[in-house]
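Please keep the sequence and the model side by side while reading, since the paragraphs below move from a pair of helices to a further helix and then to two single residues.

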Amino acid sequence: MRFVHDSRAQRVVFARAAALPAILEEAGAMGSRIMLIASRREDALAAGIAASLEVVHHHTEVVRHVPLALAERAREAAVSARAEVLVSVGGGSATGLAKAVALTSRLPILAVPTTYAGSEATDVWGLTAGDAKTTGADPVVLPRTVVYDATLLAGLPAELAVASGLNALAHGIDAMWGPRADPIDRALAAEGIRAVAAGLPGIAGAGSAVADIEQTLYGGYLAAVAFASAGSGMHHKICHVLGGMFDLPHAPTHAVVLPHVLGFNAPAAAEAEQRIAQALGAATAVAGLATLCRSVRAPVALRDLGMPEDGIRRAIPPILDAIPASNPAPVTPDNLAALLRAAWEGAPCDH
Ligand code: NAD
C-alpha cells in the first residue's frame, strides 16, 4: 500500500440538541456571543436550541446554493453583532451559509444538521454568483462540532428525506472512485453506504423511527467524511454543473443521477462495484441501488425537476471539463450525452 490520508479534526456528538449548552461548555464556547443561522422554516426546530444560548443575532436569510450577495449580508451581520461562534440549525443550505461566514471571519461553527446532506462533515464551501457556482476547500469552514439530534429530522417530509438520504449515499458511492480516494476513504464509504441503506426504508414513510434516522445520519456522516477526503468524482461533478446551470434542487438531482453514474462506472471499477454490492446486500451494486431506489420511491427524471431538454447538450462541455481524468470508465461526449438523456427521461438503469 502507498497512500497519504489526512483526517480532519472535528467533534461529533449524537445527542439531543437540548444538551447543546453542555456541549458548548465542553468546547469552551459557553458564554460566547452566538450568531444563530437558521431559516424561518426551521424556527420551530431552532427555538428550543436558541432558548438556552446567548444569541446576539439570529440570521434567517437562508437560500440554497448560498448566493454571494446573501453571504455578504450574513458576513456583515456577524461583524456588527460581534459574533464569536456560529451555530447553524438546518440542512446543507444553513450549514453552507455558516461556512460562507466562517470563510472570511474564521469564526468556529457548531452545526446542528436537520437533513442528511452531510455538509457539516466537509471542509468544502460553495458560493453562487449568477448561474455559476464556485466551490473550494478550506479547513476554517469545517464545523468544529457537529450535534446530531435525530428527533429534529422526525418531521422531514418523506420526499425530502428520501432525496436527502440518497444525497448521503451518493457521497459514499462517489468516494469509491474520487480523485484522491484511498483505502481509508473506501472503508468509511462502505460502512456509510451500508448504514444509509439500512436506515433509508424507515425514513421513507410517515413517522420515521428515531433509530432509522440515526442509522441514516451515522452513515451519511461517514460517507461525507469519505467524500471530503476522496474529492468529487464523476457523480458530484455532473450534479454540480446541472444544479448551477438550471437551479435544480440539490438532493433530488443527486437521487436521479446516482444510479446512472453507478451503472456507467461499475463495469470499469470491479473492486468498488463489489464493495458497494456487499454494502447494499445485493448481488450487484446496480441491482442493489435500483431496488433501494424503487422501494423508497426515489425521483427518477431530471425533466421532472425542471431541467430543460436542450440542457443535455449545453451541460456536456462543462461536465467533460470537470470530470476527473481518473474516472474508472472513460467519458466521451457521446456516452455522457446518453447518460444525461437517460437521467433526463427517467429511463430505468438496471437492465
Ligand atoms: P436545504 O438545506 O436547502 O433544505 C431543503 C428544504 O428542507 C428546505 O426547504 C428546508 O427548510 C427544509 N428542511 C430542512 N430540514 C428540515 C426538517 N428537519 N424538517 C422539515 N423541513 C426541513 O437542502 P439540503 O439538501 O440539506 O442542502 C443542500 C445544500 O447543501 C446545497 O446548496 C448543497 O450544495 C449544499 N451541500 C454542500 C455540501 C458540502 O460539502 N459543502 C454537501 C452537501 C450539500
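For what follows, the axis of a helix is a line fitted to its C-alpha atoms over the stretch in contact, and the angle between two such axes runs from 0 to 180 degrees between their N-to-C directions. The model shown here is a predicted one, and a good place to begin is the pair formed by helix α8, residues 234–246, and helix α9, residues 250–265, whose axes come within 9 Å and cross at roughly 140°. That angle makes α8 oblique to α9, because only angles over 145 degrees would count as roughly antiparallel. The crossing of α8 and α9 is, moreover, right-handed.

Which residues in α8 and α9 meet? On the side of α8 they are M234, H235, H236, I238, C239 and L242, and these meet T253, H254, V257, L258, V261, F264 and N265 in α9. Sorted by character, the residues of this contact between α8 and α9 divide into 8 nonpolar and 5 polar, with no charged residue among them.

The same two helices return when we turn to helix α13, residues 333–345, since the cover over the buried residues of α13 includes α8 and α9, together with α12 (311–322). Those buried residues of α13 are L336, L339, L340, A342, A343 and W344. The length of α13 can be checked by a short piece of reasoning: at 1.5 Å a residue, its 13 residues should span 18 Å, and its end C-alpha atoms are indeed 18 Å apart, which agrees. After α13 comes G346, a residue whose phi is positive, near 85°.

Two single residues, each placed in a helix, complete the tour. P201 lies in helix α6, residues 183–203, and is partly exposed, with a relative accessible area of 44%, a value that falls between the limits of 20% for buried and 50% for exposed. Leaving aside residues up to four places away in sequence, P201 touches L292 and V296. The C-alpha atoms of P201 and R297 are separated by 9.7 Å, although these residues are 96 residues apart along the chain.

Is A44, in helix α2 (residues 43–51), buried or exposed? With a relative accessibility of 70%, A44 counts as exposed, because the cut-off for that class is over 50%. Along the sequence A44 and L152 are 108 residues apart, while in space 9.5 Å separates them, C-alpha to C-alpha.

Key:
Residues numbered from 1 in each chain as written. Predicted model: local features only at pLDDT ≥ 70, side-chain atom pairs only at ≥ 80, totals over all residues. Heavy atoms only, no water. Helix = DSSP H or I, 4+ residues; strand = E, 2+ residues; numbered from the N terminus. Parallel < 35°, antiparallel > 145°, perpendicular 65-115°, else oblique. Left-handed = near helix turned anticlockwise from the far one by under 90°. Contact = heavy atoms within 4.5 Å. Nonpolar A, V, L, I, M, F, W, Y, C, P; charged D, E, K, R; others polar. Expected span 1.5 Å × (residues − 1). Buried < 20%, exposed > 50% of the residue type's maximum accessible area, 1.4 Å probe, protein only.
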